[in-house]
Amino acid sequence: MKLWVKIFIGLLLGALTGLLIGEKAVYLKPLGTIFLNLINMIIPLLILSSMTVGITSIHDPQKLGRVGGKTIGIYLITTIASILTGIALANLFQVGSGLYLQASETAVAKAPTFGEIIVSIIPSNPIAALVNGNILQIIVFSVFLGIAINFSGERGRPLHNVLESLSDVMYRLTSLIMEFSPVGVFGIMAWVTGTFGLTLLIPLFKFLGVYYAACLLQLVVVYAFILLKGFGRLHPWPFFKGMGDAIMMAFSTGSSAATLPVAMHCVQENLGVSKNISGFVLPLGITMNMNGTAIFQAMSAVFVAKAYGIPLDLSSYFTLLMTATMSAIGTAGVPGGGFIMLSAVLTSLGLPLEGLAILAGIDRLREMVTTVLNILGDAAVTVLIAKQEGELDERKYYHTELVEFEGGAS
């Protein structure tokens, strides 16, 4: 049985158990607390290793240049746009409002002010940042460390290998911890449902519906009309038709990394992108362009804040924008990667991690659409860069519908 099925069963059994035993379900809460502690345990080293390795993998002076700078710029812009979309729709539809959940005393911390963010974002002691779990400082240090490793050349290779090994180990540890997630979700959901009843389930599926709407908005407005139609002067429909195999692969696996070979084939053979462009831009997108994940993290933070009655001011949203952007860049393209990195976003805002377990029950339903959006975003940018660099075969792009769309690219 797949993990997401187990988690969903844990959600349902937890909700049913909570309804049956009522307030006595509080005795099951430690199961969820243990799960959350395990996630907290891996966050600092996971971010340090994955972020640093991600930076080293994208810094190739001979490859970056004009194409690399343009690619990274577009990826950052689309990521920021996706976060703002998630924040806007989450507030518009008031996801999480009316739940009135109660967090443990140690779970909620005061959100930092705008001035405190600016002053404290650069760590004076990276070891202290790791010990204290200061997510923003760990991310910033990881970026500088990755850049320094690249500029160190061969002398930096041993440290890169160590961090790459640590990254692989942490991903494996993440997989082991996620095996415990059905039990953790069961304990949290039993406690929450026993305390608050069925009032929790409706907002969860409302969240899912609003999330789907946000992804569709990003797909149609940003990818289809702004990137392809606007800047690329290409008709969007052949793009979606050409990416059909990658869409199905992404939807079924929930893994951007696993979908990469299929996506590479689609953009080269179906859409006419040169191997030089696709071989650089698309893998880079798997590393740093996770728009679906960014929407999820932004919406989840708003959901948890409203569910627990914690107000988010302007500085909180600024922190959310920064942290969600960086964590989306550092998210592994594997199932559950975005969910794990969400804990970093919640921590940076001082929001209770109990919200993480509440959202776990619908995570697989969310992740299938997330992966599709991630892959299509990477492919859309790849096609745009290829068009601008004169390395797009438009006859192949329009494939069987060349006559129908003839003149549509102008």
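**Close-up 1. Helix 9 has a kink of about 35°, centred on Phe 225.** This is a predicted model, so treat each view here as a prediction. Helix 9 runs over residues 201–231, with Leu 217 among them. For its 31 residues, helix 9 spans 42 Å between its first and last C-alpha atoms, which is close to the 45 Å expected at 1.5 Å a residue. Just past helix 9 comes Arg 233, with a positive phi.

**Close-up 2. Seven side chains build a nonpolar patch on the surface.** The patch takes in Leu 216, Leu 217, Val 220, Val 221, Phe 225, Ile 226 and Phe 231, and covers about 640 Å². Phe 225, one of these patch residues, is also where the kink in helix 9 is centred. Is Leu 217 buried or partly exposed? Leu 217 has a relative accessible area of 38%, so it counts as partly exposed, a class that lies between the 20% limit for buried and the 50% limit for exposed.

**Close-up 3. The UniProt entry, an unreviewed one, marks residues 211–231 as a transmembrane region.** In the model, that stretch is 100% helix and 0% strand, and its end C-alpha atoms sit 26 Å apart. Residues 72–93 carry the "transmembrane region" annotation in that entry too. Here the span comes out as 95% helix and 0% strand, with 32 Å between the end C-alpha atoms. Other stretches with this annotation include 38–60, 135–153 and 317–334.

**Close-up 4. Gln 94 and Arg 233 are loop residues with positive phi values.** Most residues other than glycine have a negative phi. Gln 94 has its phi near 50° and belongs to the loop joining helix 3 (65–92) to helix 4 (114–120). With a relative accessible area of 35%, Gln 94 is partly exposed. For Arg 233, phi is near 55°, and the loop in question runs between helix 9 and helix 10 (236–242). Arg 233 has 47% relative accessibility, so it falls short of the 50% that exposed residues must pass and counts as partly exposed.

**Close-up 5. Met 189 is a buried residue of helix 8.** Helix 8 covers residues 181–196. Why is Met 189 called buried? Its relative accessible area is 0%, and buried means under 20%, so Met 189 fits the label. Look for Leu 359 in this view as well: Met 189 and Leu 359 are 170 residues apart in sequence, yet their C-alpha atoms are 9.9 Å apart in space.

Terms used:
Residues numbered from 1 in each chain as written. Predicted model: local features only at pLDDT ≥ 70, side-chain atom pairs only at ≥ 80, totals over all residues. Heavy atoms only, no water. Patch = residues over 30% accessible without salt bridge, like charges linked within 9 Å, V, L, I, M, F, W, Y side chains within 5 Å. Areas by Shrake-Rupley, 256 points an atom, 1.4 Å probe, with all protein chains shown as cover. Salt bridge = Lys/Arg side-chain N within 4 Å of Asp/Glu carboxyl O. Helix = DSSP H or I, 4+ residues; strand = E, 2+ residues; numbered from the N terminus. Buried < 20%, exposed > 50% of the residue type's maximum accessible area, 1.4 Å probe, protein only. Expected span 1.5 Å × (residues − 1). Bend = angle between axes of the 7 residues up to and from the residue. UniProt positions renumbered as here; feature names shortened; annotations may be inferred.
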